Amino acid sequence: NLSYLGLRSSEFTDLLAETITESSIIKQLTGLDLSMGNLTDYGAKILLNCPEINQLHTLDVSMNQLSGAMIQKLHQLNCQIIAEPQDFDYGSRYSGLHE
């Protein structure tokens, strides 16, 4: 009965994107929150290549490390995209949730 999956503040967001898109769970989700992680254009491309992503109501990829070009591509999906702001300061990312 899971419809919303929030996997925020992950150090392995690209890997999570790959795992979720390969899983059957993606077919039942209406919301996917991958915010505040380290999702890169590589992981976002995996999401773009998954047809089931278009069945989501909302995809949150804010506070990651996506390029402007990738954000534009994500906005072409048939779901609501939350992509702003992004964190481009790669060297100083600190996750307090892991302390």
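In helix H2 of this predicted model, the residues Gly 43, Ala 44, Ile 46 and Leu 47 are buried. These four residues lie on the same side of H2, because the arc that they cover around the axis is only 150°. Tyr 42 and Lys 45, on the other side of H2, are exposed. The buried residues of H2 pack against two helices, H1 and H3, and against two strands, E2 (31-33) and E3 (58-60).

The setting of H2 is a protein chain with three helices and four strands. Read from the N terminus, the order of the elements is β-α-β-α-β-α-β. The chain comprises 99 residues, of which 43% count as buried. Its exposed area is about 5,700 Å², and carbon and sulfur atoms supply 52% of that area. Considering contacts between residues at least 6 apart in sequence, 65% join residues that are at least 24 apart.

In soluble globular proteins, nonpolar side chains tend to be buried together. In the present model, the largest nonpolar core has 23 residues. The residues with the most contacts inside this core are Leu 32, Leu 47, Ile 53, Leu 59 and Val 61. Each of the helices H1 (13-22), H2 (41-48) and H3 (68-74) supplies at least two residues of the core, and the largest share, three residues, comes from H3. Leu 47 thus appears both among the buried residues of H2 and among the core residues with the most contacts. The surroundings of Ile 53 illustrate the packing: when neighbours within four places in sequence are left aside, Ile 53 is in contact with Ile 26, Leu 32, Leu 47, Leu 59, Leu 77 and Cys 79.

Charged side chains were examined next. Side chains of opposite charge can pair when their charged atoms come close. A search of the whole structure finds one salt bridge, in which the side chains of Arg 8 and Asp 33 meet with an N to O distance of 3.5 Å. This pair links distant parts of the chain, the two residues being 25 residues apart. Arg 8 belongs to the loop between strand E1 (4-6) and H1, whereas Asp 33 belongs to strand E2. The two partners also fall into separate accessibility classes. Arg 8 has a relative accessibility of 45% and therefore counts as partly exposed. Asp 33 has a relative accessibility of 6%, and so counts as buried. Strand E2, which contains Asp 33, is also one of the elements against which the buried residues of H2 pack.

Terms used:
Residues numbered from 1 in each chain as written. Predicted model: local features only at pLDDT ≥ 70, side-chain atom pairs only at ≥ 80, totals over all residues. Heavy atoms only, no water. Buried < 20%, exposed > 50% of the residue type's maximum accessible area, 1.4 Å probe, protein only. Contact = heavy atoms within 4.5 Å. Areas by Shrake-Rupley, 256 points an atom, 1.4 Å probe, with all protein chains shown as cover. Core = buried A, V, L, I, M, F, W, Y, C linked by side-chain atoms within 4.5 Å. Arc of directions from axis to C-beta. Salt bridge = Lys/Arg side-chain N within 4 Å of Asp/Glu carboxyl O.
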